[in-house]
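Let's take a walk through this one together, going from the open spaces to a few individual side chains. Keep the viewer open and follow along.

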Amino acid sequence: MMELASSPSPVHARDVISVVLGGGVGTRLFPLTKDRSKPAVPLAGKYRIVDIPISNCLNSGLKRIFLLTQFNSSSLHRHVQQSYHFDDFSAGFVEIMAAQQTPDNSGWYQGTADAVRQNLCHFANSPHKYVLILSGDQLYRMNFRRLIEHHIATGADVTVATIPVNRGDAGSFGIMQIDGEERITRFVEKPQDPAVLDSLKIEAPTRSKLDIQGEGDLFLASMGIYVFDRDVLSKALAGKHVDFGKHVIPDLIPSGRLFSYVYQGYWEDIGTIKAFYDANLDLSSEVPKFNFFDTRAPIYTHARYLPASKIVRGHIEKAVIADGCVIVDAHIEHSVIGIRSRIEAGAVIKDSILMGHDDYETLDELQAGRARGVPSFGVGKNTIIERAIIDKNARIGDNVHITPKGKPENYDGDNYYIRDGIVVVPKGGIIHSGTVL
């Protein structure tokens with residue numbers, strides 16, 4: 001489900017700045033974050049994760065966006081600078097705010113709240129009343145104008161976007177409890193005690209009033225999306241709190257007006273290998289949970305002007321194939337094939353993600369690689385890849401077999417890793433011909 005544009009509202013774009021948090025280490029997505037930050041991880045064959053929050057902002061008419069970065073940020077900076085340009089009359093920008101040393105602060109961002117705190121002085125240069133704070137590792141569509149309208153209508157100091165989750169998932173989130181006016185009265189971070197969970201479930205009158213759909217007990221989980229009044233944010237960050245979910249929000253509940261905005265569309269935290277893998281492969285479904293084909297709210301990215309993909313022969317079933325690929329007599333099933341991928345004859349790609357390549361190899365580069373015994377870009381002849389993620393610019397030789405079958409759920413191998421039962425070949429990885437992983 002996608003939230004469509006609402007009718008004319010009291011929200012003026014000039015009153016809002018958006019802040020995308022993109023500075024985390026991304027340990028849960030390792031090894032995809034070995035050489036890049038989480039928001040820079042390729043998604044759905046041709047996008048980057050950071051394209052999701054930025055596109056949601058643009059589709060909501062919010063064009064003043066700050067991106068806070070820190071770790072492994074080079075490729076993220078390059079992607080944003082190449083992708084998002086505004087004309088002189090739109091007053092729009094995507095401004096990168098990298099962690100930096102100042103006379104008052106010589107440290108890194110210590111958490112989400114600390115990252116925002118260190119940049120408040122820069123935000124002040126853009127007139128605004130409200131600050132929209134977004135995570136950089138989620139897959140969803142949301143009309144942020146509706147969220148901000150709700151914030152204004154309730155007279156909230158802070159609005160937290162929440163989503164109903166079942167009992168099995170509740171222990172992985174910060175769980176909110178609200179009253180009949182949707183005001184947040186309680187917050188528990190990742191509750192594990194069954195008795196505590198019972199006390200946090202959404203009551204029947206609230207479910208009916210808000211038309212919350214779903215079976216069994218449901219709980220309101222924080223989505224890590226917040227709207228702050230400007231002055232409230234400044235006061236909340238005047239102390240030493242370093243994280244919004246763990247510190248700022250719980251501290252404000254007793255004295256502030258904190259309200260929940262309940263969202264019931266598709267939303268997925270893709271900050272782990274398993275969640276990232278499942279969300280990508282779901283895109284190959286006939287009716288995926290997230291629809292990149294919806295032109296009413298497009299997902300933007302870097303325009304590469306690549307040729308259409310060429311498929312000489314082969315069998316392809318339930319697959320997403322990005323631009324500029326060359327596929328020769330291969331079997332591809334339930335997979336996502338990224339930009340500029342080359343797959344040779346006899347290859348079998350099943351339940352896998354190939355992230356593709358940043359460039360094509362020239363003939364001279366190809367011959368030089370062969371002279372060194374290095375496979376060319378892409379997947380070689382008669383190679384089998386099952387339940388795997390092959391990162392950007394990898395070279396997989398002929399007659400290779402990559403599968404997690406018979407291996408531990410988590411393992412660090414020679415130039416490959418296994419996480420949650422999924423084989424991951426890192427960016428630029430080389431798997432020589434005849435190798436069995």
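What follows is a tour of the pockets, then the aromatic pairs, then three single residues.

Before we set off, bear in mind that this is a predicted model. Let's begin with the empty space. Rolling a probe the size of a water molecule over the atoms shows where such space is left. The largest pocket comes out at a volume of about 1,200 Å³. Its lining is made up of 40 residues, and if you want to put your viewer on its centre, K38, T112, S135, D137 and D243 are the closest to it. Several elements give two or more residues to this lining: strand 1 (16–22), helix 3 (112–117), strand 10 (184–189), strand 11 (218–229), helix 10 (244–252) and strand 13 (267–269). Strand 11 gives the most, with four residues. As for the chemistry of the walls in the largest pocket, the lining residues split into 14 nonpolar, 18 polar and eight charged.

Now move to the second largest pocket, with a volume of about 670 Å³. Here 22 residues do the lining, and I163, V165, D169, W267 and E268 lie nearest the centre. Strand 8 (158–166), strand 13 and helix 11 (273–282) each put at least two residues into the lining of this second pocket. You may recall strand 13 from the list for the largest pocket. Helix 11 has the largest share of the second pocket's lining, with five residues. By class, that lining has eight nonpolar, six polar and eight charged residues.

Next, the aromatic rings. How many aromatic pairs does the structure hold? There are 12. Take F30 and Y417: these two rings sit edge-to-face, 5.2 Å centre to centre with 80 degrees between the planes. This pair links distant parts of the chain, with F30 in the loop between strand 1 and strand 2 (42–43) and Y417 in strand 27 (residues 417–419), 387 residues apart. Are the two partners buried or exposed, or something in between? F30 counts as partly exposed because its relative accessibility is 27%, whereas Y417, at 14% relative accessible area, is buried.

Another pair, Y47 with F292, is stacked, with 4.6 Å centre to centre and 20 degrees between the planes. Y47 lies in strand 3 (residues 47–48) and F292 in the loop between helix 11 and strand 14 (310–311), so the pair ties together parts that are 245 residues apart in sequence. Both Y47 and F292 are buried. Look around them and you'll find that Y47, Y266, F290 and F292 form one aromatic cluster.

That leaves the single residues. H357 is in the loop between strand 20 (353–354) and helix 12 (363–371). H357 counts as buried because its relative accessibility is 4%. The H357 side chain reaches the backbone nitrogen of G378 at 3.3 Å. Leaving out residues up to four places away in sequence, H357 touches I339, R340, S341, F377, G378, K392, N393 and A394. So G378 turns up both as a polar partner of the H357 side chain and in the list of residues that H357 touches.

T383 is the next stop, in the loop between strand 21 (378–379) and strand 22 (384–386). Why does T383 count as buried? Its relative accessibility is 0%, and under 20% is what buried means here. The T383 side chain has polar contacts to backbone atoms: one of its polar atoms lies 2.6 Å from the backbone oxygen of G397, and the side chain also reaches the backbone nitrogen of V400 at 3.1 Å. Not counting residues up to four places away in sequence, T383 touches G346, A347, V348, I396, G397, D398, N399 and V400.

Finish at T435, in the segment after strand 29 (430–431). With a relative accessible area of 25%, T435 is partly exposed. T435 touches N399, V400 and H401, again leaving out residues up to four places away in sequence. N399 and V400 are also among the residues that T383 touches. To judge the spread of the chain here, compare T435 with E333: the two are 102 residues apart along the chain, and their C-alpha atoms are separated by 22 Å.

Key:
Residues are numbered from 1 along each chain as its sequence is written. This is a predicted model: local features need pLDDT of at least 70, side-chain atom pairs count only at pLDDT 80 or more; totals for chains, interfaces and linings use all residues. Side-chain values use heavy atoms; hydrogens and water are left out. On a 1 Å grid over the protein atoms alone, a cavity is a set of points where a 1.4 Å probe fits but cannot get out, and a pocket is an open set with protein on both sides within 12 Å along at least five of seven lines; lining residues have an atom within 4 Å of a point. Grid points are joined across faces, edges and corners, and a volume is the space filled by probe spheres set on the points. Ala, Val, Leu, Ile, Met, Phe, Trp, Tyr, Cys and Pro count as nonpolar, Asp, Glu, Lys and Arg as charged, and the others, Gly among them, as polar. Buried means under 20% relative accessible area, exposed over 50%, partly exposed in between (1.4 Å probe, protein chains only). A polar contact is a pair of N or O atoms within 3.5 Å; within protein, one must be able to donate a hydrogen and the other to accept it, and residues adjacent in sequence count only if both atoms are side-chain atoms. Contact means heavy atoms within 4.5 Å. Rings of Phe, Tyr and Trp (its six-membered ring) pair if their centres lie within 6.5 Å; planes under 30 degrees apart count as stacked, over 60 as edge-to-face and the rest as tilted.
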